[in-house]
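These are my notes on the protein–DNA contacts, set out as numbered points. Please read them with the coordinates open.

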Amino acid sequence: MSKILTNRFFNRPTLTVARELLGKFLVVRRGKKEIALMVTEVEAYDGHYDKASHAHRGETARNKVMFGGSGVWYVYFVYGMYNMLNIVTGREGFPAAILIRGVEGVVGPGRLTKKLKITRAVNGKEASRKTGLWFEDRGIQIKKADIVRTPRVGVHYAGPVWAKKPYRFIIKSHQ
DNA sequence: ACGATGATGAAC
DNA sequence: TTCATCATCGTA
């Protein structure tokens, strides 16, 4: 039995959602087929005060969906090559999102979007069946003891404090 | 260790 | 309008 995750799930503290997103399934529909892969690695970007977050310098054309309601995709293009897939969390007006860094069999945020053909076309759209890209709870529970937390990757610019925050969550058996 | 490759945002 | 930077990855 599987349940589609909605605003109800994402409209909570970002770190809580990040931890609970491990073990859930990212589902992408292509034609008649649905591909479901378990989420194994994520990173939280939490609030305008988070110096590693795009939202730290205020709202811009790129990051505006982070400031909106939760349960919405935030996809941006970086390094001239890669789309990064995020899901917006927290209440409207509070800029936060979770970067999906890895799913079963695909490690790395750039590889993930490339392999699943996820582009900025879904930016600002709801994570739902209608969009063709969503999350499901398929009953798998990841125990706290089976989760590793580390600093986030590639955020040296955030300064010593924020670069070291343990906002990256990985399923131990997938690290 | 480094280059690919282009959008972004801040400075000018 | 220019310019440094970038929530990365493949090749070496």
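1. A polar contact here is a pair of N or O atoms within 3.5 Å. With that cut-off, a polar backbone atom of Tyr79 pairs with a base oxygen of DNA strand B at 2.3 Å. The model is predicted, and this distance, like the others below, should be read as a value from a predicted model.

2. Which residues lie around DNA strand B? They are Arg57, Thr60, Arg62, Phe77, Tyr79, Gly80, Met81 and Arg120. By class, this surface comprises 3 nonpolar, 2 polar and 3 charged residues.

3. Gly80 also reaches a base of strand B through its backbone: one of its polar backbone atoms is 3.3 Å from a base nitrogen. Thr60 has a contact to the phosphate, with a polar side-chain atom 2.5 Å from a phosphate oxygen of DNA strand B. Counting the atoms of strand B within 4 Å of the protein, 59% are sugar or phosphate atoms, and the rest belong to bases.

4. DNA strand C has 21 residues around it, of which His54, Tyr76, Asn86, Arg111 and Tyr157 come nearest. The classes on this surface are 13 nonpolar, 6 polar and 2 charged. For the atoms of strand C within 4 Å of the protein, the sugar or phosphate portion is 63%, with bases making up the rest.

5. Which elements each supply at least two residues of the surface near DNA strand C? These are β4 (73–78), β5 (82–88), β6 (96–103) and α3 (109–116).

6. Two arginines contact phosphate oxygens of strand C through their side chains. Arg111 does so with a polar side-chain atom at 2.7 Å, and Arg101 with a side-chain N or O atom at 3.2 Å. Tyr82 has a side-chain N or O atom 2.8 Å from a sugar or linking oxygen of strand C.

7. Is Met81 buried or exposed? Met81 counts as exposed because its relative accessibility is 58%, and the threshold for exposed is over 50%. Only the protein chains count as cover in that value, so the DNA is left out of it. Met81 sits in the loop between β4 and β5 and is among the residues around strand B.

8. Tyr79, Met81 and Tyr82 together form a nonpolar surface patch with about 400 Å² of accessible area. Within this patch, Tyr79 makes the backbone contact to a base oxygen of strand B, while Tyr82 makes the side-chain contact to a sugar or linking oxygen of strand C.

Conventions
Residues are numbered from 1 along each chain as its sequence is written. Chains are lettered from A and ligands numbered from 1 in the order in which they are written. This is a predicted model: local features need pLDDT of at least 70, side-chain atom pairs count only at pLDDT 80 or more; totals for chains, interfaces and linings use all residues. Side-chain values use heavy atoms; hydrogens and water are left out. A residue is near a molecule or strand if one of its heavy atoms lies within 4 Å of it. A polar contact is a pair of N or O atoms within 3.5 Å; within protein, one must be able to donate a hydrogen and the other to accept it, and residues adjacent in sequence count only if both atoms are side-chain atoms. Ala, Val, Leu, Ile, Met, Phe, Trp, Tyr, Cys and Pro count as nonpolar, Asp, Glu, Lys and Arg as charged, and the others, Gly among them, as polar. Helices (H or I, at least four residues) and strands (E, at least two) are DSSP runs, numbered from the N terminus. Patches are made of residues with over 30% relative accessible area and no salt bridge: like charges are joined within 9 Å, nonpolar side chains (Val, Leu, Ile, Met, Phe, Trp, Tyr) within 5 Å. Accessible areas come from the Shrake-Rupley method with a 1.4 Å probe; for residues, only the protein chains shown count as cover. A salt bridge is a side-chain nitrogen of Lys or Arg within 4 Å of a carboxyl oxygen of Asp or Glu. Buried means under 20% relative accessible area, exposed over 50%, partly exposed in between (1.4 Å probe, protein chains only).
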